[in-house]
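Visitor: I would like to learn how to read a protein structure, one feature at a time. Could you guide me through this one?

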Amino acid sequence: MHQMSSRAAGGAALLLLLLLLHCCHIASTRGHKSDSALAVMENTGGGDEEEEVTVEEDEGDLEVVQPTEEWQTLQPGQAVPAGSHVRLNLQTGQREVRLGEEQLKYWTQEHRETEESRPSFSPTELKRAMKKIKEDMNPASKDQQQTFRPLEELKKDMAQLDLLVETDVQIMRRLLESFNSSESTTEQRLSVLMELEYLVHQVDNAQTLCWMGGLQLLLEGLNSSDFRLQQSCAFVLGSAVSSNPLVQVKAVESGALQTLLTMLATAQPLPVTKKVLFAVASLLRNFPYAQRHFLTHGGLQVLSELFRADGGGVLRTRIVTMLYDMISEKELISQAGLDLGLDATHEERLRQYSAVSLQGELREKGWCSLVPQLLESTEHDYREKALRALLAMAPVCLDQYRSDGSLLGSLLSLREQYLEMVQSEMIVGEENGYFGEIVELINALQVKIKR
């Protein structure tokens, strides 16, 4: 009995020892983490030679294998791109990889050729390239320190080379010195005047030119024997006084208006006369003081002789436009006088315009019969300007309009002609076209004459 108890106790101890060893084995198996986890999947194709697996790798420092259409052996420590097809070959015991189904769908012959020709880089080469990029982006690199120079050093070099930027005042001073130089040729002076004309469009530059003595230089150039210098000087003068009251006053005080009228009264080449007319119109615009001097110095008489001598109509149109602008200015000032909110300067302007008896002078100098002659032109623009001027002069010229049979006949024929043109405009979809405006001008003038 005692022997049987001993045997039973020994068996129980042996069973307990085996149980402990089994638990330790399970614990060690669970505690060990493999570098790669393989999930074995049954082969649905019925074969028993291979099993498909899904591989999850830590690709931090692994070599990435680029799969192809064919199966290739995957070595330990290698990683594959996402979406690749990996299997465990049960015959060889090795993992194999190829392109996944989605990758194969877009893997054409063109892609194969592109991939084959594309250079491959090892991890070491990629690390070197990244290091190079960081060095290039470092602003404190030696290469950049050698490439860029301090701003103060560049300024000193530019000063030594005399490359500092010139102001407009410095440029005009240099241009005037070049123009007055006895060594300058006519071509060089013409070039100087061209640059000055560009600069004086700015109000400040035009005033600065006067203070530098440039206005007197232009007036002397108008008396030059070279018509090209006369033309260019008149052009610069007209641009300088345009919408610039201070320069307008200085020009009138310097005798510019008398010089320009003298040039218009004498025979000049057509290009010179056109620029002189431009200068006169710019000097008179919105400047009643100059307009009064223009009338007292026989300006209308000079223009009437020039109007009769012009056969082409180019000068006639410019003259009529200038007269129309002068009449319109005075009317606008008079109408604005009804506004009680205007300041004291407007009262002074109104007083100055009241001293300009322009329309009375137009009637006395025969302009009531001169302007209708411009209607004989074949140019629509010339006719339009003539009609606008005739309407503006109607308050003092209506009696002569009614007795001018040529004018009445011209208005009738022109109205019929432009009515046909209006019909043509309406056919193409232009209801309020240019010719319709001319018809309205003719109608308005006929209504005034019939009253």
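Visitor: Let me begin with a single helix: which residues are exposed on the other side of helix 12?

Guide: Please keep in mind that this is a predicted model. On that side of helix 12, the exposed residues are Pro245, Leu246 and Glu253. The buried residues of helix 12, which spans residues 245-253, are Val247, Gln248, Ala251 and Val252.

Visitor: Why do the buried residues of helix 12 line one face of the helix?

Guide: The general idea is that an α-helix has 3.6 residues a turn, so residues three or four places apart point the same way. In this case, if you look down the axis of helix 12, the buried residues fall within an arc of 135 degrees, and therefore they line one face.

Visitor: What covers the buried residues of helix 12?

Guide: Several helices take part, among them helix 9, helix 10 (214-222) and helix 11 (227-241), and also helix 13 (256-265), helix 14 (270-284) and helix 15 (288-296). After helix 12 comes Gly255, which has a positive phi, near 85 degrees.

Visitor: How should I describe two helices that pack against each other?

Guide: In general, two packed helices are described by the angle between their axes and the distance between the axes. Take helix 7 (residues 168-180) and helix 9 (residues 203-211), whose axes come within 10 Å and cross at roughly 40 degrees. Because of that angle, helix 7 is oblique to helix 9. The crossing of helix 7 and helix 9 is right-handed.

Visitor: Which residues of helix 7 and helix 9 meet?

Guide: From helix 7, Asp168, Val169, Met172 and Leu176 meet Asn205, Thr208 and Leu209 of helix 9. Sorted by class, this contact of helix 7 with helix 9 has 4 nonpolar, 2 polar and 1 charged residues.

Visitor: Now a loop residue, please: where does Lys365 lie?

Guide: Lys365 lies in the loop between helix 19 (358-364) and helix 20 (367-370), and at 26% relative accessibility it counts as partly exposed. Although Lys365 and Gln301 are 64 residues apart in sequence, their C-alpha atoms are 6.7 Å apart in space. Leaving aside neighbours within four places in sequence, Lys365 is in contact with Leu300, Gln301 and Arg308.

Visitor: Finally, how many helices and strands does the protein have?

Guide: The protein has 23 helices and 7 strands, and 35% of its 451 residues count as buried. Among contacts between residues at least 6 apart in sequence, 60% join residues at least 24 apart.

Conventions. Residues are numbered from 1 along each chain as its sequence is written. This is a predicted model: local features need pLDDT of at least 70, side-chain atom pairs count only at pLDDT 80 or more; totals for chains, interfaces and linings use all residues. Side-chain values use heavy atoms; hydrogens and water are left out. Axes are lines fitted to C-alpha atoms, for helices over the stretch in contact, and angles run from 0 to 180 degrees between N-to-C directions. Helices (H or I, at least four residues) and strands (E, at least two) are DSSP runs, numbered from the N terminus. Angles under 35 degrees count as roughly parallel, over 145 as roughly antiparallel, 65 to 115 as roughly perpendicular and the rest as oblique. A crossing is left-handed if the near helix is turned anticlockwise from the far one by less than a right angle, and right-handed if clockwise. Contact means heavy atoms within 4.5 Å. Ala, Val, Leu, Ile, Met, Phe, Trp, Tyr, Cys and Pro count as nonpolar, Asp, Glu, Lys and Arg as charged, and the others, Gly among them, as polar. Buried means under 20% relative accessible area, exposed over 50%, partly exposed in between (1.4 Å probe, protein chains only). The arc is that of the directions from the helix axis to the C-beta atoms.
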